[in-house]
Structures are given as structure tokens and as C-alpha cells.
Amino acid sequence: MDRYLCVHGHFYQPPRENPWLEVVERQDAAYPFHDWNARITAECYAPNARARTLDAQGRITRLVNNYARLSFNIGPTLLAWMKDEAPDTYAAILEADQRSAQRFGGHGSAMAQVYNHVIMPLQTERDRRTQIRWGLVDFRYRFGRDPEGIWLAETAVDDTTLELLVDEGLTFTVLSPYQADAIRPEGTARWQDVTGGRVDPTRPYRVPLPSGRSIAVFFYDGPISQAVAFEGLLDSAEVFEQRLLDGFGDRDGPQLVNIATDGESYGHHHKHGEMALAATLQRIATRDDVRLTNYAQYLELHPPDHEAKVVQDSSWSCAHGVERWRADCGCANGGGRHQRWRAPLREALDALHDELDARFEAEGGELFHDPWAARDDYHRVVLHRDDHLDDFLAEHARSRLDPTRRRMALHLLEMQRYGQLMYTSCGWFFEELSRPEGIQVLMYAARAMQLARRIDGFAGRDAADLEGVFTAALDRAASNEPRFGTGKRIYEELVRPAVADLDQVGAHVAISSLSWPYAERERIGAYEVVRDDYELHESGRAKLAYGRLTVRSVITEAQAEVEFGVLHLGDHNFLCGVRPKGDDQAYAALREELQRHFETADWPGVIRAIDDHLGERRYSLRDLFRDEQRRILDAVLTTTIEEAEATYRMIYRSRAPLMRYLSELHITVPAPLRNAAEIVINAQLREALSTTTLDPHQIATLLDEADRLDIELDREGLAHTFRGTIERLAHRIADELAVRDDLFLTYEDEHEAALERIMTTIEVAETLPFETDLALAQDILWRTLRDHRPELADRIATGDHAAMAWDDALARIAETLSIVPPPTDTELGPTPSGSRSHRQEKPPR
């Protein structure tokens, strides 16, 4: 067979972690999810691990792990988040690589990626090497093998980058057809110009390099790849399949139709795109005139017989090469807005980069045999901080490091890590610097500067004003937003307030301790906090706490012992002071004065005592990390919201007959009354859908009322609430299946009641005026049928009544969930995970 097909998915999200906490905080724009990683995982990454294929009646016939048939790369920073926050999906992806190796001649489909998606031609050669090495270390850690190919961020390339890939043992990469400059058959002298995307993408090419070595390159099919993203190919598996087959040419010899797409196309950008992809790949897999493959297998089967030159400093997402990441080239997603800020941003970061590197080389040279080799090897510490740090330092340090020099070494390495993260390409990709992606790279720069200041302190010199120089450079970065004017104002308003130190972590714990019962030892993101002493006093709505804390960074091992006092006068009114730990006598005086004023409700006296004893810096709710800040505000707002909702309920109940009468007369309900009804009905629906003991009549009544009064429902929020209910119910069933081997031996009233709850949930889902996600329930039922139905069938043959009852019950649920009982031989991942349905001929619910 000489016709092959490969679909590559580039799955990537920019790193979003708070640089001080090392966790992703709440992002309101991702509502109703906590953050964009969580949202896109639910819409894309998880569904692709459990994609549904349907029969002509719209029933689910199979669950397919798309990753096992794709070629794919997933950014290391995204995989790190996924390992902790979406472990089922993470496990399914790793298993898919193993399955793809079995399918594709020992070649796994996963490709490596340069670490944090920097534009390689714009980085120094040393930084490029680090990006590759960190990406490879991360890949080996997760996939347990050496990668054969690597994805370059935005496919940005030049010969120097390709030389570095060869240095690290990589055999191929994937580029846009517009990055092909010239080609020739091997053994011939004349080059043929193929600029403008005129390269034949159905064969691999060998790119000869200045060193005399070479690397293989695949140029993907540009028109088909574009059609996936922008022309609706994912609306129909049949059309998608035919478009892929149309990519084959008339020439003799083996051909590879390969497309490269944003992985997020399959479910996030195009709802249910993962199902169209699964159906398309399934259709192709059943053909006898074309064969699915991945790049590495095809390269082994059909090595390049043509050579190619690549366009230097080119990429797949900028018609001007790599100018999108350093100039006002016009490539952006926001029409009518300039990007004059791009060059000053890169210039500011480049100048800072030089300062960071100078410190690292000077101070690191005193501590490490080779500081740059230590940096290249540092990612294995990032992956295994508890296990590998001592071995790493034993290998790279010139001598055994005392605690101070050890902390300095870690500060230097972390400074370099953030010096890499601040070049993440997304910071330049869009139209405005004040977008979250631009703020993120500025946050990384702020963290790197903070670490540099501490390194200056370790070295016994005055800290240089890196921030002053940096913000002066940002003052030349013109924002599109009048409220900011320039990047300097953006930094001062949106970045500098987020910079945290150990005292602020102590204040965070102090303030949140008034409403959260911390243990004596707690982990707060990247910090470990030990409560050495603590007292809490309450008087009406007022609360006072004081104590001693030890705050330690688990990353840099920096540590501070602090004393604090915090006063809460209700609502959002918090006042906290923090100072370095002093002697016991001074601490006793602080405690005594605070307690004395609090006992007499002398709030000004308490405030004066905090001012007198705990220094000039004051902390409030504004200084907490975002998730804890939101938790406290939610608690503060609960009473206010309940009071407001009670008022709206009173208005709604007393005026509901009038509103219904107006609706019957087709008279518009006045806005104040309609708003009251909207708030009440949405709140009641949210409450009704959040319990696993659903009341169908109550829900139907509320929906009828919403329809009658033309109420706008919070469809997205309500769907998210109901999804959580389904997942809790499904997990409860899955947990019982996992621990009870005898579950199907009897059929009791309790089993009937549980199954009735499931049926009720499904019936409610059918009545809701928005799409509901029953994926987890479908996953669990599908597996239950696969794993237990053969045994039930054997018992039914012997006249076992319990088996008959279970088989009947499971069949009824399967029919309601539009599931065809699976064959025993099926392609599944290791554990259930959330996914979504796909409307093809007839949609599953």
C-alpha cells in the first residue's frame, strides 16, 4: 500500500501559573470553569480521550481514544498542569502513545515540543538549546521513551535551530508548506523554487544543514489544514474524509497526506469536533486503499528521496516570518488595533535577559562547575523537586553547599527558569499587551527581577534597579487601551501589585485563617507554612487573630519567621500587619495590647496597636492570592446575596400572577419585575439541579415559568451545575463498582432505587433547554456493559433471576443513554473522564 494519511494535532495552552504560587488561579473569563485550562480540557482534551462514534440512529457504538490514531504534541507546561488537575485525561494520553507504538510499527505518535513555546529564531543559541533539552527531559519523564520528532513553537525555524535539533538526536520536525524555499531530488544539483506554498506535501524531505548533517522535514498540506480550522470540515465526517483523500496526487510512488492543526479545533473551537475526527479516522481505518500512520513510521518506511531548503526565520502563523513576535507587522486577532508595543516589549525583555545572564554566569560560575550545563539539567529538578535536588547539586556544584549558598544556587536557577518563561510566544501573539497573555510574560519578568534582587543580596551588593530600567523600556510600548497609555502603566497597575514575598504569604495565611481552619502545617501553593503559635478571638462580627508563622518556599528554600496580628470588622474590612519574629517579650507585649483593646471593642485601639507593633506595611483582602480572596469574598457576599434574593423572591411571588397575566396579553413585563423573576428562577433552578435526588416536577415547573415569562436562563452556568451533579452520581457508581465484586450477584430494593435515580437524571436531562453532558455516565455504563454483560449472560442461561434483573435494568439505561452495548474488543483508555456528545445524524443526550 503506497497511500498513507497522518493527522497531527498541536495541543497547547500557554503557561498560566501564578509565578509565586506555581498554581493556576481563577480566570473569570473561563466561566463557568475555574480557568481556561479546565475549560478547554472539558471541551477538548478529555473528549478526545473518549470520543464517541455513532450509528445511523445516533446511538453510541464505541468510545475511541483519538490520541492513539493521531500524531500529536502536547506542551510540557500543559501536561504538568494536567497531571495534577486532569489525571484521567493525562493517563489516557500517555496510554495512547503506547497504543500508537503498537499500531505504527513501534513508533509512538507523541512528539516533543520546545519547552515553553518560545520563538526559536529570536532566542539566543544557548536559550534554544535549553528549550530543546528541557522539552526532551519532560517528554522522557512523561512518555518513558526518547522522542523521534519535535514540534517547534509556531513552527518558527531557521538553520541554526535545525542544527540544534540534530545535536540532540532528533530526526524530524513539521513545517508549513509556506516555509519551503526550494527542493530537488537527491543526487541532483538544480534547486526548484517552491516558495509561496508550492511544495509537494505528500513526501518527506531531507534538509541539508551548514554543518554537513541533515534532518527530515514534513511540510503539511496547507489547504486541508486551513479547511479544518476555518471551512467547517468538522461538520461532516464524510466530507472530512473525502477532503483528506483528495490530497493524494497523481504521481507514482508512496504518498503521505498529512495535515497539522491546532488540537483545540477538535472540541473547543469546533464543538463536538472530536467526534467528527473519531468518525473520520474510523472510516479511513476501514479502507483498504489508504493506511493511517504517524510521521516516525512513515519516515522509516519511506525515507526522503528529495532535499529541501527552508525559509529562514519563518513560521506558520505570520506571513512576515517571525515579525509577529517583535514588530507591528499587522498579524493579530484584533482588527483595527496596532501592535507597536511588540518591539519595545521584546527589547525590554532582551535587556533584562542580558542582566539575568550576567548574574547567572558570574555568581553561578562560583557555585557550579558549568552554570549553563546546570541550567540545561535543571528541569529534572523541576519534575522531581523532592527526589532529585540533592543528587543534582552533588553533580553540578563545585563543592558541598552550605544552606545560604544552596539557597543562592536555587535562586539563580529559578531566575533562569523565569527568564525562559518570560519569552512564551503568546505574549506577542494577540493585538494588545494588556491581554492576559501579555500580563503573564510580564509576571514572569517580575518574578525573575525579584529573584535577581535577592541574588544581589546574597552577593553582598546593593540591588540594581532592574525594575526601573525595565519599566522605562515598557514606557515606549504603546497600548491600545487609553486607560493604560503604555506598558509601564500596565506593569504598575496589573503586575507590580501581584509581586509576593514571604511576608505577604504570612499575611495571606493570617487573614484567611479567620475563616478557614488551617492545620499546624499547610501547603500554600509553592510555600510551606508552619503555625508556631496562634490565638483567635471573636466578638460579634469582629474577629482578632495573632500568632507566629514560619513561611518557607519549597522551591528556593527561602524562609522567614514572622509575627502577625489581623483584625476583621465584618464584610470586606480586614487589617493585617506582619513583622519579623522578635523576642518573646516583644511578642507578649503585642499579644497583650491587641487582646486588651479587642476585649473592650476598642477597634481604634486595636488598629493603633497593629500600626505601632507591626510596622508600616498593611495588608488587606486586596493582598490575598486570588482563589482565597474569592473564597472569602464569596463568604462575605453570601449573606448579602441571600438578603437580596429574599427581596427578589418577595417581589416575584407577590407579582408573579400579574407577570403571567401580562405575558398572556403579550404585553412586555416591565424590566424591574422581569429582572426579579430572572434572578429567582435561575437561583431556584441552580439549586434544583445541584442535588443527585432530582425533582423532575419542580424543575419542569420552573422551566415552564421561565418560558412563560420569557426569562433569560443562565444556560452555561446551569449546564455546568448539572454536569457536576451527573459526575458526582457517576463517580459514586464507579466507586461502588470498583470495590464490590459481588454487586451483580443480587438485585435488591436499594439497587432498584439507585437505578431509578439514574433514570430520573437522564429523564431530566432530556427536558432541559440546553445541551447536557452525560459523558461520564455514558462512559461508566459502557464499561459496565463491556466488563459484566458476558458474565450476566452466562448466569441468565442458568436461570439466575438476579442476573436477569440486572441485565434488564442495564439494557433500559443503555437505551435511554443511546448506547449500543459494546463488543468485548474495544479501544479504551484506563479510566473514565469527562467528554461531550456530538450531534451527527441523531444526537446522544
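These legends accompany three close-up views of a predicted model.

**View 1. Asn-73 in strand β4 and its surroundings**. Let's start inside the protein: Asn-73 belongs to β4, which spans residues 71-74, and with a relative accessibility of 0% this residue counts as buried. Beyond its neighbours within four places in sequence, Asn-73 touches His-8, Gly-9, His-10, Phe-11, Met-111, Ala-112, Gln-113 and Trp-151. Two side-chain polar contacts are worth a look here. One links the side chain of Asn-73 to that of His-10 at 3.0 Å, and another, of 3.2 Å, joins the side chains of Asn-73 and Gln-113. For orientation, Arg-453 lies 380 residues from Asn-73 in sequence and 37 Å away in space, C-alpha to C-alpha.

**View 2. Helix α6, from its start to the residues just after it**. Helix α6 runs over residues 222-230, and its buried residues are Gly-222, Ile-224, Ser-225, Ala-227 and Val-228. Their cover includes α7 (237-245) and β12 (255-262). At the start of α6, look for Asp-221: one of its side-chain oxygens comes within 3.1 Å of the backbone nitrogen of Ile-224. Just after the helix, Gly-232 adopts a positive phi of about 75°.

**View 3. A nonpolar surface patch that includes Leu-658**. Now we move to the surface, where Leu-658, Tyr-661, Leu-665 and Ile-667 form a nonpolar patch of about 380 Å². Leu-658 sits in helix α22, which covers residues 626-664. Leu-658 is classed as partly exposed because its relative accessible area is 41%, between the 20% limit for buried and the 50% limit for exposed.

Methods. Residues are numbered from 1 along each chain as its sequence is written. This is a predicted model: local features need pLDDT of at least 70, side-chain atom pairs count only at pLDDT 80 or more; totals for chains, interfaces and linings use all residues. Side-chain values use heavy atoms; hydrogens and water are left out. Patches are made of residues with over 30% relative accessible area and no salt bridge: like charges are joined within 9 Å, nonpolar side chains (Val, Leu, Ile, Met, Phe, Trp, Tyr) within 5 Å. Accessible areas come from the Shrake-Rupley method with a 1.4 Å probe; for residues, only the protein chains shown count as cover. A salt bridge is a side-chain nitrogen of Lys or Arg within 4 Å of a carboxyl oxygen of Asp or Glu. Helices (H or I, at least four residues) and strands (E, at least two) are DSSP runs, numbered from the N terminus. Buried means under 20% relative accessible area, exposed over 50%, partly exposed in between (1.4 Å probe, protein chains only). Contact means heavy atoms within 4.5 Å. A polar contact is a pair of N or O atoms within 3.5 Å; within protein, one must be able to donate a hydrogen and the other to accept it, and residues adjacent in sequence count only if both atoms are side-chain atoms.
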